[in-house]
Amino acid sequence: MKKIYLLSFIILLLCYIQPVKSQHTLTNPSLQSKHLNNVAQQINLYFQEKIHLHIDKNTYLTTDTIWLRAYLVHATFHTPLPISRYTYIELINPLGAIVERIQLKARRRLFFGHIALSDTLPDGDYTLRAYTDYMANTTKDYLFKRKIKIISPKWGNVKMKVTTKGTTPNSSQLIFQFNHNDSLFSVHHLEAILKKGKSHIPERQKRKDQFEVEFTEKVMETNRSFRLRLTDRLDNKYERFLPIATDKEQYNVFFYPEGGSLVNGVSNRIAIKAIGNSGNTTALSLCIRDDAGDSLTVATTKTSGVGVFEIVPQNGKQYYAHCMNLYGTSKIIPLPNARSSYGLRIEATDSTFQAHLQTSTVGISQPLYLIAHVRGAIVSSQLWKNQQTDIILDKKLFPEGIIQFMLLDQQLNPLCERLVFSKNYRTGNCYITTNKTEYGKRESITVNLTINDPTGNPVQNYFSVSVTDAETTSPDTCHTIQSSLLLTNELKGNISSPALWLTDEKKEALDYLMMTHKWERYSIPAILKGQYEIPHAKPEQDMCIQGKTYTQRPFIGNIGKTSDRHAVIVTGTKNMAGYQEIVMTNSNGEFKFDQLDFPENSGFRILVRQSEGKVTDSLNIIPKRFPVPNDPFPQEPLQESIFSNAESENLTNFQRIGNRHYLLHEVKIKSPYWGTSNYQTLTEKEISLANDMKQVLQKMGLKNIMRDYNSFQYFHNGTPVVIFLDNYLCDPSVLINWLSPEYLREITFITDVNRSYVNEMLKGTREWSTKLLDEYGQKDLCELLLQIDRTKNKVAVLNATTKSNFDSRCFGFNSNKYISPWKYGKTQLSIYPLGYQLPVEFYSPQYDNISSKENLVPDLRTTLFWKPNIKTDINGRATFTFYTSDNPGPFFIIVEGITDKGEMIRATKLVH
């Protein structure tokens, strides 16, 4: 068909300007000028963002650091799009809880930072999520997500076997068995923790090393993973996340007819997706039978969980899939019924896409249109003529990525759709060379990069580079900038190891995957009709603090009503020290401090003053809203009834490091404190990392129980904790609501102080607090003041010591200077909102002299070099240098980036 239309449009997005060209072949002139231009207008009205994260590796030890660079680009053209000033990166555990969240600020249009991993993280497959505030409020289904593995070498010699005792579609019963160095592993306590902290205590079997846990139907509806908490007889703790079932699990099968629905009387392809209860894909065999029991065809899903089969459905007949997994668990599932007069079949050759119209009638009763777009930009639009069965399109017309073919009727309503992946890659080239071919221990390596665009012209830009030890950690080859921007960021749901789907070995499986998804960033049929989608949010340019004040009213029924106007004063603390601003509320009591830009560890004290004769009753801060984590990546499936290391695949690589640095139990000798050595102390530096006193106490393992509004009590083993501030008794609520961490020099939590000692300390309180009666000193003050049972000979105590220039006397338990914390907390408070992360340079040792090379401290780095902002010159060249570690094995170099024209760069090199 003759090409008669060339669409060129310009996207003007604030400071971003990028021309775009798309080709269309149409025979209906009215569609050219009106409908197709609507698509260009839509992208002008509502641009969308994408993010790709380049991280240094894909497997981490606890206490390790994740180094990362976020690439923020236009969702359609993949050109850098630094309109949003901030990005957010989250580490999410398998139960959907956010472990860590950081905010990155654009620096020279670049976003890079790090996440430090705690040594208390349980082993498991975690989810890294990245987004902007604009993405979270407009396209929350398309946030960047990828899986990383976090492991602890303490599991190295522990083997675990899980056996399915009984499984039904509604429940799962698992038997856990452990051994250590091939001998009985003496388990003292075992616990299975689900979402929202709900706990299951497995039943111990007759064998001491076996435990049984049952997950009910209700549990399995909302949980795909659980947290295993294990304690041995020596009180060593082991924690890891596990799938809720072994690979013998129950499963669900979903069917996706090509084009969207079955058409009677013609050959139909149907894609299959098999998912187990744990969220993992499942290998199945299927036999397709009709309602008479006759076999029509067979199919398999293999380990990728997808497959395809072909049948010719007949009117009035029902068809069934007889499914069976590797363990013989069978299901019979009805196939969808034929519901359409039209079907769309796409065949790909080496050079063309062939669209075939399937219909149960003879000929076409109305004008039909075949629309093909890539990421919302129309590439081809053609009229499907009567009696025409095929339309052949040259693959060269289509850029790289997902193509959505849509069959539309005369009113532009969708009849069929089909996704296809175009591998017409237009990527730049990166050449990596080193100054030698082989290297020894602690030896300097110089790496040279030369980067060109697809036409061979040099590229001057910022790129990210990681160098990892290829012997102790596997290279991150399952996630690439291409797989993120072209595949996972375009589809809803999770896709594990997306880069593998783009390999030649997965060519067929990739096409099956396309058949099981839809493209839904925009509704193309609605846009063709001029029904535009308008964003309901703007890109985030600054930070803000907002809230609402309430006024006391003379009548009880009006208490808490909004005020007319109040003055709100905000004063910066910690990293925002010196900042102060005053604003007046509006008539509804609402206020907002905007155009802020503050780093991490910033605090704000907010005070409300009465105005216009009103008395402020309370103050409420509206916290920033973040998207709720949903659908974290599942845990790797457990093999049924096989003893294996808890981290068999990954721990082997880390064994050398683990044996030398992690498997020895640390022994600390402490001097007695208040008559015991069972205590924990936080120093001034450690305290300063907390935003408020709640976080300080949480660091010490203390959790509060709220008694009423702003009133708290802390317990240890079911008994109230006695709190002293500078050796005087202090109410927990006062400590939490009045005191800021910056005032403390030290805080100590002691678990077993003699009761008599505590009573003597409480008597000392009497000398200062005028509200404690003299006769109290003759009684047991632990019982009188804190209701601690007389049978408790040991008492848990928290002792906080303030700095020398701080007067804490008005903070006592019953001081005559005491003010109710409830009253105090209503009109003034301190907040510590999330601030942008301050940059930290990746540490790389310098072995540039004999003494440093001969240093006996072992160098066992797994990430040898990380640079998120290496810049090429006008010739497209850059050079960097680093030193090898003590491991003589090979190392792996990965370079990623994107040009100003949206051309993706990725290169790898293995160096020995």
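How many helices and strands make up the secondary structure of the protein?

## Overall picture

In this predicted model, the secondary structure of the protein comes to 15 helices and 56 strands. The protein has 912 residues, and 54% of them count as buried. Its accessible surface comes to about 41,600 Å², and carbon and sulfur atoms account for 48% of that area.

The contacts can also be sorted by how far apart the partners stand in the sequence. Among contacts with a separation of 6 or more, 70% are between residues that are 24 or more positions apart.

## Two open sheets

One open sheet is built from 4 strands in the order β23-β22-β25-β26, and the pairing in this sheet is antiparallel. Its edge strands are β23 (295–300) and β26 (330–334), each of which pairs on one side only, and the twist from one strand to the next averages 20 degrees. Within this sheet, strand β22 (residues 284–290) is joined to β23 by 5 bridges, with the two strands running antiparallel; as an example of the pairing, L286 has A299 in β23 as its bridge partner.

Another open sheet has 3 strands in the order β34-β35-β54, again with antiparallel pairing. Because β34 (429–434) and β54 (877–883) each have a single partner strand, they stand at the edges, and one side of each is left without a neighbour in the sheet. Here the twist from one strand to the next averages 20 degrees. Strand β35 (residues 444–452) pairs with β54 over 7 bridges in the antiparallel sense, and S444 stands opposite Y883 in β54.

## Helix α6 and its cover

Helix α6 spans residues 507–515, and its buried residues include A509, L510, Y512, L513, M514 and M515. Which elements help to cover the buried residues of α6? Among them are the strands β20 (251–257), β21 (268–276), β24 (306–311), β32 (401–408) and β33 (414–422), together with the helix α5 (498–501).

## Two residues with positive phi

As background, most residues other than glycine have a negative phi. L412, however, has a phi near 65 degrees, which is a positive value in a residue other than glycine. This leucine lies in the loop between β32 and β33, and L412 counts as buried because its relative accessibility is 6%, under the 20% cut-off.

K574 also has a positive phi, near 55 degrees, and is likewise a residue other than glycine. K574 has its place in strand β38 (residues 567–574). Its relative accessible area is 27%, so K574 is classed as partly exposed.

## A buried serine and a surface patch

Is S852, at 16% relative accessibility, buried or exposed? S852 is found in helix α15 (residues 850–853), and this serine counts as buried because 16% is under the 20% limit. When its neighbours within four places in sequence are left aside, S852 is in contact with R442, Q846 and Y847.

At the surface, L45, Y532 and I534 make a nonpolar patch of about 260 Å². I534, one of these residues, is found in the loop between α7 (524–528) and β37 (543–551). Since exposed means over 50%, I534 counts as exposed with its relative accessibility of 55%.

Methods. Residues are numbered from 1 along each chain as its sequence is written. This is a predicted model: local features need pLDDT of at least 70, side-chain atom pairs count only at pLDDT 80 or more; totals for chains, interfaces and linings use all residues. Side-chain values use heavy atoms; hydrogens and water are left out. Patches are made of residues with over 30% relative accessible area and no salt bridge: like charges are joined within 9 Å, nonpolar side chains (Val, Leu, Ile, Met, Phe, Trp, Tyr) within 5 Å. Accessible areas come from the Shrake-Rupley method with a 1.4 Å probe; for residues, only the protein chains shown count as cover. A salt bridge is a side-chain nitrogen of Lys or Arg within 4 Å of a carboxyl oxygen of Asp or Glu. Buried means under 20% relative accessible area, exposed over 50%, partly exposed in between (1.4 Å probe, protein chains only). Contact means heavy atoms within 4.5 Å. Two strands pair if DSSP finds at least two bridges between them. Axes are lines fitted to C-alpha atoms, for helices over the stretch in contact, and angles run from 0 to 180 degrees between N-to-C directions.
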